[in-house]
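Here are my notes for a colleague who is new to this structure. Please read them with the model open beside the text.

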Amino acid sequence: MNRAIGLVVLVALLVPLCAGCGASATTLGADDNGSEVTLNVGDTLEISLAGNPTTGYQWLLMTNTEPVLGHADDPEYVADETDEDIVGSGGTFTFTFEALEAGQVDLELGYMRIWESVPPIETYTLAVSVE
């Protein structure tokens, strides 16, 4: 009987460790613009692109990716390390998506000033398939 209890306790401890087992993370950048990627449900997709918000420009999600891909509302921005004397240096915008259900979506990001009513000065597209 003690062995059975010990086995139940061991399984109870190990099951949470496997949460997300099989899920993987795919990281893409500017060189992957216009390409295709295949993910499995539960996988994470990160897209990192250089930008400089001090110019007023920022990367924005241009397409609705749900229900295939879920995403954070805003990308994470990390400024490049520079000397304190340098004003207006750039950094990296990172978008994080989670594959929620099987399907396909054409993801598009635009580098633009949100107050201007002109097309983005740069776009990033990615054909995403989730299996």
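1. Start at glycine 110. Its bridge partner in strand 9 is threonine 123. The model is a predicted one, and this pair is a good place to enter it. Strand 8 covers residues 103-112, and strand 9 covers residues 122-130. The two strands pair in the antiparallel sense, over nine bridges.

2. Now follow strand 8 to its other partner. Strand 4 and strand 8 are also antiparallel, and four bridges join them. Two residue pairs can be picked out here. Leucine 61 stands opposite leucine 109 in strand 8. Tryptophan 59 has tyrosine 111 as its bridge partner in strand 8.

3. Step back to the sheet. Which strands form it, and in what order? Four strands make an open sheet, in the order 2-9-8-4, with mixed pairing. The edges are strand 2 and strand 4 (58-61), each of which pairs on one side only. From one strand to the next, the twist averages 25°.

4. The overall inventory is short. The protein has one helix and nine strands. Along the sequence the pattern reads α-β-β-β-β-β-β-β-β-β. Of the 131 residues in the protein, 27% are buried.

5. Tryptophan 59 deserves a closer look. Its place is in strand 4. Is tryptophan 59 buried or exposed? Its relative accessibility is 2%, so tryptophan 59 counts as buried. Tyrosine 111 is buried as well. Tryptophan 59 also has a distant residue in sequence to compare with: tyrosine 124 is 65 residues apart from it along the chain, and their C-alpha atoms are separated by 9.3 Å.

6. Turn to the aromatic rings. How many aromatic pairs does the structure hold? The structure holds four. In one of them, the rings of tryptophan 59 and tyrosine 111 have their centres 5.1 Å apart and their planes at 35°, so this pair is tilted. Tryptophan 59 lies in strand 4 and tyrosine 111 in strand 8, so the pair ties together parts that are 52 residues apart in sequence. These two residues therefore meet twice in this note, as bridge partners and as a tilted ring pair. Tyr57 joins them: Tyr57, Trp59 and Tyr111 form one aromatic cluster.

7. Another aromatic pair has a stacked geometry. Phenylalanine 95 and phenylalanine 97 are 6.4 Å apart, centre to centre, with 10° between the planes. Both phenylalanine 95 and phenylalanine 97 are buried.

8. Check aspartate 43 next. This residue sits in the loop between strand 2 (35-39) and strand 3 (44-51). Aspartate 43 is buried, yet it has no salt bridge. How far away is the nearest side chain of opposite charge? That side chain belongs to arginine 113, and it is 36 Å away. A salt bridge needs a nitrogen and an oxygen within 4 Å, so arginine 113 does not qualify as a partner for aspartate 43.

9. What does the side chain of aspartate 43 reach instead? There are two backbone nitrogens to look at. One belongs to serine 24, which the side chain of aspartate 43 reaches at 2.9 Å. The other belongs to asparagine 40, reached at 2.8 Å.

10. Arginine 113 does have a partner elsewhere. Glutamate 116 forms a salt bridge with arginine 113, and their closest N and O atoms are 3.3 Å apart. The count for the structure comes to one salt bridge. Are the two residues buried, exposed or partly exposed? Glutamate 116 has a relative accessible area of 28%, so glutamate 116 is partly exposed. Arginine 113 is at 23% relative accessibility, so arginine 113 counts as partly exposed too.

11. Finally, look at the backbone around proline 67. Most peptide bonds are trans. The bond from glutamate 66 to proline 67 is cis, with omega near 10°. Proline 67 is found in the loop between strand 4 and strand 5 (69-71).

Note on methods
Residues numbered from 1 in each chain as written. Predicted model: local features only at pLDDT ≥ 70, side-chain atom pairs only at ≥ 80, totals over all residues. Heavy atoms only, no water. Buried < 20%, exposed > 50% of the residue type's maximum accessible area, 1.4 Å probe, protein only. Lys, Arg positive; Asp, Glu negative; His and termini not counted. Polar contact = N/O pair within 3.5 Å; in protein donor to acceptor, adjacent residues only side chain to side chain. Pairing = 2+ DSSP bridges. Axes fitted to C-alpha atoms, helices over the stretch in contact; angles between N-to-C directions. Phe/Tyr/Trp six-rings, centres within 6.5 Å; stacked < 30°, edge-to-face > 60°.
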